[in-house]
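Reader: I am a first-year student, and I should like a close look at one strand and its surroundings. Would you please describe that part in a connected way, explaining the terms as they arise?

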Amino acid sequence: MNCISTNLKDCFVLEPQVFEDERGLFFESYNQSKFEEAIGKQVNFLQDNQSISKKGVLRGLHFQKGKFAQSKLVRVVQGEVLDVVVDLREKSETFGQHFKLNLSGKNNKMIFIPKGMAHGFVTLSEEALFTYKCDEYYHKASENGIIYNDETLQIDWGYPVKDIILSQKDEELPKFKELFP
Ligand SMILES: Cc1cn([C@H]2C[C@H](O)[C@@H](COP(=O)(O)OP(=O)(O)O[C@H]3O[C@@H](C)C(=O)[C@@H](O)[C@H]3O)O2)c(=O)[nH]c1=O
């Protein structure tokens, strides 16, 4: 497994070893010991999630606050998304900066997102099957987020704004400056 640093400290891109043969391919989508060795720390994943999104669907930017903050290991099984991570750790040198990467069922890349970061993605293919592990349980009262087109964060989603599909909840997310005045 390759582990590649990103511009955000503690946020890594992981590339599993893929074995291809005449039948197709195989890879370990999660191996606790290889994963923890790659990122250099222990993570106790408690919940696996899966979503299917249509083209243009943007989910994010999301995080859980306080003691329900989650680390996530995210990947795409089928289709393609542009995945975005934002550093919300106020003491971090990269506070307010973001990292983005295309994740697809073809490149098999994964992103490890530590606690203290917001996460979102926009679906580039007709449909995308997205799956991720979390090290804290879903806790509705701790859900929080930032509007995807926030003027302070300046994220280029590389997708026509008029075609972006948001949930009602995501349309009403606050701005970065409201959370961090
Ligand atoms: C995230 C989540 C949602 N739900 C429920 C709540 C709601 O009725 C329904 C859909 O929830 P949402 O609209 O919040 O789903 P979604 O927009 O896919 O939320 C996810 O977005 C990505 C970007 C993340 O990073 C995740 O952590 C998570 O916030 O599923 C759970 O039961 N458990 C969970 O862990």
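Author: Two residues are in contact if their C-beta atoms, placed from the backbone, lie within 7 Å. In the protein chain, 81% of the contacts with a separation of 6 or more are between residues 24 or more positions apart. The model is a predicted one, in which local features need pLDDT of at least 70 and side-chain atom pairs count only at pLDDT 80 or more, while totals for chains, interfaces and linings use all residues. Residues are numbered from 1 along each chain as its sequence is written. The pLDDT, which is the predictor's confidence in each residue, from 0 to 100, averages 98 over the protein chain, and 100% of the residues score at least 70. The model also has an ipTM of 0.99 and a pTM of 0.98.

The protein chain contains 3 helices and 13 strands; these are DSSP runs numbered from the N terminus, with at least four residues for helices (H or I) and at least two for strands (E). Of its 181 residues, 31% count as buried. A residue is buried if 20 or more other C-beta atoms lie within 10 Å of its own, exposed if 12 or fewer, and partly exposed in between, with C-beta atoms placed from the backbone.

The strand chosen for the close look is S10, residues 110–113. In a regular strand the side chains alternate between the two faces of the sheet. In S10, Met110 and Phe112 point one way, whereas Ile111 and Ile113 point the other way. All four of these residues are buried.

The neighbours of this strand come next. Two strands pair if DSSP finds at least two bridges between them. Strand S2, residues 12–15, runs antiparallel to S10 and is joined to S10 by 3 bridges. Within this pair, Leu14 stands opposite Met110. Strand S7, residues 72–78, also pairs with S10 in the antiparallel sense, over 4 bridges. Here Lys72 has Ile113 as its bridge partner.

From S2 the path may be followed to another strand. Strand S1, residues 2–5, pairs with S2 over 4 bridges in the antiparallel sense, and Ile4 of S1 stands opposite Val13 in S2. S1 and S2 form a hairpin with 6 residues between the strands, in which Asp10 takes a positive phi near 75 degrees. Thus S2 has bridges both to S10 and to S1.
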